Amino acid sequence: MTEADTDTNFEGTGSRSADDDRRTNYGGIIGRVASVLWNRTENRPRALWRILGVYVAALVGIFVLPALALAGTELPPSVNGAATNLIGALVGLLLAVVFAKYVDRRPLTDYGLAFGPSFLKDFAAGSVVALVGMGVALPASLLAGWATISELFSGGVGANVLPFVAAFGAYTL
């Protein structure tokens with residue numbers, strides 16, 4: 001065995017910054033509480049708080065914000081669903097950009113959000129999988145007796161109902 005092999009400490013943590021942060025005395029109980037919340041060597045919140053922050057912001061932004069924004073509107077259900085999905089997608093993208101830049105302090109490409117040929121291939125593959133999944137779900141539901149078709153290409157009866165083609169186009173977008 002060489003001297004370098006005997007010098008290895010396997011009981012230590014995997015993060016040097018966490019070790020440095022623990023060794024430094026930050027002034028009693030307030031310093032200890034602050035070191036649980038904030039990593040001073042990396043100058044950002046600890047990973048647990050970054051994850052919880054994104055999770056809470058995503059829940060509020062993707063579920064609560066669209067519900068509040070569309071609360072008083074009398075849109076057709078397909079347009080309401082499309083607007084809800086659009087708001088949720090924009091909030092998700094905004095959260096990814098803001099948290100990557102200002103909280104996690106990493107480039108957006110570290111999250112796998114790089115637009116290029118690889119992204120286009122992955123997007124096409126995901127779209128094909130989604131279309132096949134939807135194409136299998138309806139026939140399987142019909143064969144199992146879980147769904148029935150009452151009318152074809154009808155917008156339905158009632159207020160705020162779009163024709164089938166317009167509703168399908170709005171929701172697909």
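This is a short dialogue on reading a predicted model of one protein chain.

Q: Where do I start: which secondary structure elements does the protein chain have?
A: Start with the count, then take the order. The protein chain has seven helices and two strands. From the N terminus, the elements run α-α-α-β-β-α-α-α-α.

Q: How do I read burial for the whole chain: what share of the 173 residues is buried?
A: Burial rests on relative accessible area, with under 20% counted as buried. Here buried residues make up 15% of the 173 residues.

Q: And the surface: how much of the accessible surface belongs to carbon and sulfur atoms?
A: Take the total, then split it by atom type. The accessible surface of the protein chain is about 13300 Å². Carbon and sulfur atoms hold 68% of that surface.

Q: What share of contacts joins residues at least 24 apart?
A: Set a sequence separation, then count. Among contacts between residues at least 6 apart in sequence, 42% join residues at least 24 apart.

Q: Take one residue now. Is Arg50 buried or exposed?
A: Place the residue in its element, then check its accessibility. Arg50 sits in helix α4, residues 47-69. Its relative accessibility is 13%, so Arg50 counts as buried.

Q: Which residues is Arg50 in contact with, leaving aside neighbours within four places in sequence?
A: The partners are Arg44, Pro45, Phe99, Val103 and Asp104. Contact here means heavy atoms within 4.5 Å.

Q: Which residues make the nonpolar surface patch?
A: A patch is read as a group of residues, with an area attached. This one covers about 880 Å². Its members are Ile29, Ile30, Val33, Val36, Leu37, Trp38, Leu48, Trp49 and Leu52.

Q: Which helix gives the most to the nonpolar patch?
A: Map the patch onto the elements. Helices α3 (28-37) and α4 each supply at least two residues. Helix α3 gives the most, with five residues.

Q: Take Ile30 from that patch. Is Ile30 buried or exposed?
A: Ile30 lies in helix α3. Its relative accessible area is 67%, so Ile30 is exposed. The cut-off for exposed is over 50%.

Q: How many aromatic pairs does a search of the whole structure find?
A: Two aromatic pairs turn up. For each pair, read the distance between ring centres and the angle between planes. The ring centres of Phe115 and Phe119 are 4.7 Å apart, with planes at 80 degrees, so this pair is edge-to-face. The ring centres of Phe119 and Phe123 are 6.1 Å apart, with planes at 25 degrees, so this pair is stacked.

Q: Why are Phe119 and Phe123 separated by about one helical turn?
A: Look at the spacing in sequence. Phe119 and Phe123 are four residues apart in helix α6 (residues 117-144), which puts about one helical turn between them.

Q: Which residues form the aromatic cluster?
A: Join pairs that share a ring. Phe115, Phe119 and Phe123 form one aromatic cluster. Now add accessibility. Phe115 is exposed at 66%. Phe119 is partly exposed, at 29%. Phe123 is exposed at 53%.

Q: Last, a loop residue. Where is Pro107?
A: Pro107 is in the loop between α5 (77-103) and α6. Its relative accessibility is 48%, so Pro107 counts as partly exposed.

Q: What separates the C-alpha atoms of Pro107 and Val97?
A: Compare sequence separation with distance in space. Pro107 and Val97 are ten residues apart along the chain, and their C-alpha atoms are separated by 8.8 Å.

Conventions. Residues numbered from 1 in each chain as written. Predicted model: local features only at pLDDT ≥ 70, side-chain atom pairs only at ≥ 80, totals over all residues. Heavy atoms only, no water. Buried < 20%, exposed > 50% of the residue type's maximum accessible area, 1.4 Å probe, protein only. Areas by Shrake-Rupley, 256 points an atom, 1.4 Å probe, with all protein chains shown as cover. Patch = residues over 30% accessible without salt bridge, like charges linked within 9 Å, V, L, I, M, F, W, Y side chains within 5 Å. Salt bridge = Lys/Arg side-chain N within 4 Å of Asp/Glu carboxyl O. Phe/Tyr/Trp six-rings, centres within 6.5 Å; stacked < 30°, edge-to-face > 60°.
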